[in-house]
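Please look over the following protein model with an eye to its local geometry. The report is meant for a reader who has not met this structure before.

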Number of protein chains: 2
Amino acid sequence: MSDALTELRRELAQITDLRTAGRVLEWDQLVMMPHGGAATRGDHLATVLRLAHELFVREEIGALIEEASSQLDGAGPESDDACLVAVAQRDWEKARRVPADLQADMTKLASEAVEAWTVARAENDYASFRPWLDRTLELKQQYVACFPGTDDPYDALLDDFERGMRTDEVRRAFDRLEPALRDLVAATEPEEDEGFLTGPYPESVQHELSVAVVRAFGAEDRFFRLDSTVHPFCTSFSTQDVRLTTRYSEDDLHASSIFSTMHEAGHGLYERGGDASLDRSPLATGCSSALHESQSRLWENVIGRSLPFWRWFYPRFQEAFGVLADVPLETFHRAINRPRPSLIRVDADETTYGLHIILRFGLEQELLFGGLDTNDLPERWDDRMEELVGIRPPDDRRGVLQDVHWAGGLFGYFPTYQLGNVLSVQIWERLLVDLPDAYEQIERGSFGEIYEWLRERLYRHGRKFTPSETILRVAGGPIDPEPYLRYLADKNASLAAA
Amino acid sequence: MSDALTELRRELAQITDLRTAGRVLEWDQLVMMPHGGAATRGDHLATVLRLAHELFVREEIGALIEEASSQLDGAGPESDDACLVAVAQRDWEKARRVPADLQADMTKLASEAVEAWTVARAENDYASFRPWLDRTLELKQQYVACFPGTDDPYDALLDDFERGMRTDEVRRAFDRLEPALRDLVAATEPEEDEGFLTGPYPESVQHELSVAVVRAFGAEDRFFRLDSTVHPFCTSFSTQDVRLTTRYSEDDLHASSIFSTMHEAGHGLYERGGDASLDRSPLATGCSSALHESQSRLWENVIGRSLPFWRWFYPRFQEAFGVLADVPLETFHRAINRPRPSLIRVDADETTYGLHIILRFGLEQELLFGGLDTNDLPERWDDRMEELVGIRPPDDRRGVLQDVHWAGGLFGYFPTYQLGNVLSVQIWERLLVDLPDAYEQIERGSFGEIYEWLRERLYRHGRKFTPSETILRVAGGPIDPEPYLRYLADKNASLAAA
């Protein structure tokens, strides 16, 4: 290893440590911090991330990258060293485009705006949140302006989460999905009597069962924590320290912890499965948001809503919740899968979910680049919801205030959720080629080989390769909505036939 | 405000933010982190603290301090600005005396030595810990050598915790305390039947009651958290984000959460009571270790073991724990106060506690400057214990291996515990002059005026003034053991008479 490479690794480790410290501050804020802490937490976080940014964008780092790059002679293009230099170079060039002050302003604003959103949502008070959203949009536009020359201004936002992805590609996929998903939702059968959906599902029992499931998936206690938050999420501080959160609803099975925990565990297993040698480097963590989401969706939906999964787990589940005593497995399975028009994205069934994303993808562009005034946003949201899903939110809490993302400045993020859904099925189809008995394994509650296949093909590589390279490796081809649409059509047909 | 002052404030805020982030990492590690996280957490923390140190010791900071100092014209010596400049100057000069390598060696050694101590204590194996202690003493001597010209080499260590305090002052106070405390312990009455001390005290009930007490003290939910750890502690990330921890023993009332929670709440109320304007500056947090300990002891002992306190709280406590059903208030009060010779410092009663500290204060000096060989330390410890307290440890676990401090490099810290005890009574006597009905208020469960008095005289000033100036303000005079000895004698006499 050349001296420049050693020095570059050391510098990047230090910068990665600071960013990790920032994630600890964020996790603490969302999971543990007393409300009063918000007064200064935004400043702490802004300082830590600003220093990480300042340390990274120095000329010296660029020189080290260049020198290390010229000394890579022996290293193959797939080696950790070559990938590190390539990723560092791209990140460095991108980071240098954003002024440190703007970066710090965005960080601080996000922290404060999330607090404002939390209150606004609880009180169904969009007006109190609107100034925060306006300011966020303003900074986001300044951010976009740092990246001139893209085909579409939205490309700059998308690139933060899906390196190299173009808005145009997303639009094409979504244009294919929108009518197909609307048809599938419209074809929904009328509901059976599914009174059991409203519980009661006592929180402590949900917790115990959620832990049991994710342990079976491979989330070991000495590397994972599970806590409770309003908005479930996953973060990690190393491959050996992964934090999941979930939420509990005692009177709505769809919003119970079981699905959100499997979802976040999917993210967590991806983080956990990275090669430990990538820790403290920019190659640690998943490759892209869509690939990350493909794993949360794979574990939550493709596995966690499948009939084989529930053949394994339903006896225990049924015994734990008295309300299910007389509910047959097939009825239960139908209830957790049937498309039903829904107002809340995170509670949506697999089919409706995509329509929620398509709504947000459009509105983000209208807000940032299409002149949509935030005063008109709630109505525009409700109109689009009615158009896409066929129902109208009765209040903003169940409409425009439901997601934290915009408060947190995460524009460009939503589309990756639906790309993740699409990818989850592409990857699963490939896995079935290698593990044709995967469903039998699931039915036995055995997830080790599935995890190992995913780790080998995807998790261990971290951020070494670009998203499109990585997708090619794990899914065998570029993003393609067809397998996903077939999967949904088959599943819905099987539910209707049952 | 001058430009230099503005700039200095900004720089110091940034450095303080990094140190705060370090405290969040430490809190998380002790309270929340899965075990696996230890693999990288030390690196994260080392990076954050090293950066804070590097940013602080720059020449630019010295220049800013000098410039700001010359521009303070209008500001009175008690103004935030003048105090900030004075404290920054002193901290800066001190920080620059210690070579970065020595600082790093000490940090690294402390983390390894604490690991070695943990194993050694568990296995009662002093010999395995001795090389770590030798190395720690060696580095500590190098550290002391960075501060030539003190009256006593121990002054340099004391100064880390008690700015400006001289060894001579401590020795004088301890020389007065030692014979008096020995007499008090020797006069101990034989114990009654106090079988109720071993419980059971169910953890969940302890938790609920501990929370109730510290809420009554003024620890509001939106500014405080209470968690569980092996070794209770308190930290804070701002005046509005204070973290307490406690521990639960179901079969030992002395080791139950109620006293450790009151103790940590005392520290926490001090942190909470700082002026919010001091947040994100080196003036935030308590003035010194002894003043901090004076507050933990005041709330835990002076208030929390008083008869008026238990007149208020005992009915609820008694009802919650069946084992106390037939135990009269006076018997309970005697049991939680009676001096009893004890081997373990943290379990010691108020009277014996000081003798534990006096033992350590002497041994620290003998080890560092008096030629005591670490081979002879266990025997010297046991001899002194027998001399001071009248009992001899049957093994090193209950002797020289009981405390983590020396493993962690904390020499000079122990004396501040006892100075805190002494100060707690000095401060309380002053408070009684202004609030002559304080005990009646306590008996009503009313703590607001007491907190307010302490906040006004002590808490709000943070680190603005030196310890001796601060002690003068709040206690009306320098450290004086007499009130504390009177308090103990009166209390012990009242217990014996009961």
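What follows is a description of a predicted model, taken up region by region.

**The sheet and the helix packed on it**

In chain A, three strands make up an open sheet of mixed pairing, and their order is E1-E3-E2. Strand E1 (224–228) and strand E2 (234–238) of chain A each have a single partner strand and stand at the edges, so one side of each is left without a neighbour in the sheet. From one strand to the next, the twist averages 20 degrees. Helix H1 (residues 3–31) of chain A packs on this sheet and touches E1, E2 and E3 of chain A, with a direction that makes about 140 degrees with that of E2(A). Within the sheet, E1(A) and strand E3 (residues 241–246) of chain A run parallel and are joined by five bridges, and A:Phe224 is found opposite A:Val242 in E3(A).

Helix H1 of chain A also holds A:Thr20, which counts as buried because its relative accessibility is 4%, and buried means under 20%. Leaving aside residues up to four places away in sequence, A:Thr20 touches A:Phe237 and B:His44.

**A loop residue and its surroundings**

A:Glu250 belongs to the loop between E3 and helix H10 (257–272) of chain A, and with a relative accessible area of 41% it is partly exposed. Which residues does A:Glu250 touch, not counting residues up to four places away in sequence? They are A:Thr198, A:Gly199, A:Pro200, A:Tyr201, A:Pro202, A:Glu203 and A:Gln206. Although A:Glu250 and A:Pro202 are 48 residues apart along the chain, their C-alpha atoms are separated by 5.5 Å, and the side chain of A:Glu250 reaches the backbone nitrogen of A:Glu203 at 2.6 Å.

Among the residues touched by A:Glu250 is A:Pro200, which lies in the loop between helix H8 (167–186) and helix H9 (203–217) of chain A. The peptide bond leading from A:Gly199 to A:Pro200 is cis, and its omega is near 10 degrees. In chain B, a cis peptide bond joins B:Gly199 and B:Pro200, with omega about 15 degrees.

**Helices in contact**

In chain A, the axes of helix H11 (residues 289–303) and helix H16 (residues 414–434) come within 7 Å and cross at roughly 60 degrees, and this crossing of H11(A) and H16(A) is right-handed. Residues of H11(A) that take part in the contact include A:Leu291, A:Leu298 and A:Ile303, while those of H16(A) include A:Leu419, A:Leu423 and A:Trp428.

In chain B, helix H19 (residues 467–475) has as its buried residues B:Pro467, B:Thr470, B:Ile471, B:Val474 and B:Ala475. Seen down the axis of H19(B), these buried residues fall within an arc of 100 degrees, so they line one face of the helix. Their cover includes helix H11 (289–303), helix H16 (414–434) and helix H18 (448–457) of chain B. After H19(B) comes B:Gly476, with a positive phi near 80 degrees.

**Positive phi outside glycine**

The table sets out two residues of chain B that are not glycine and have a positive phi.

| Residue | Phi | Loop in chain B | Relative accessible area |
|---|---|---|---|
| B:Asn124 | about 55 degrees | between helix H5 (100–122) and helix H6 (126–145) | 29%, partly exposed |
| B:Thr285 | near 80 degrees | between helix H10 (257–272) and H11 | 41%, partly exposed |

Terms used: Residues numbered from 1 in each chain as written. Chains lettered and ligands numbered in written order. Predicted model: local features only at pLDDT ≥ 70, side-chain atom pairs only at ≥ 80, totals over all residues. Heavy atoms only, no water. Pairing = 2+ DSSP bridges. Helix = DSSP H or I, 4+ residues; strand = E, 2+ residues; numbered from the N terminus. Axes fitted to C-alpha atoms, helices over the stretch in contact; angles between N-to-C directions. Contact = heavy atoms within 4.5 Å. Buried < 20%, exposed > 50% of the residue type's maximum accessible area, 1.4 Å probe, protein only. Polar contact = N/O pair within 3.5 Å; in protein donor to acceptor, adjacent residues only side chain to side chain. Arc of directions from axis to C-beta. Left-handed = near helix turned anticlockwise from the far one by under 90°.
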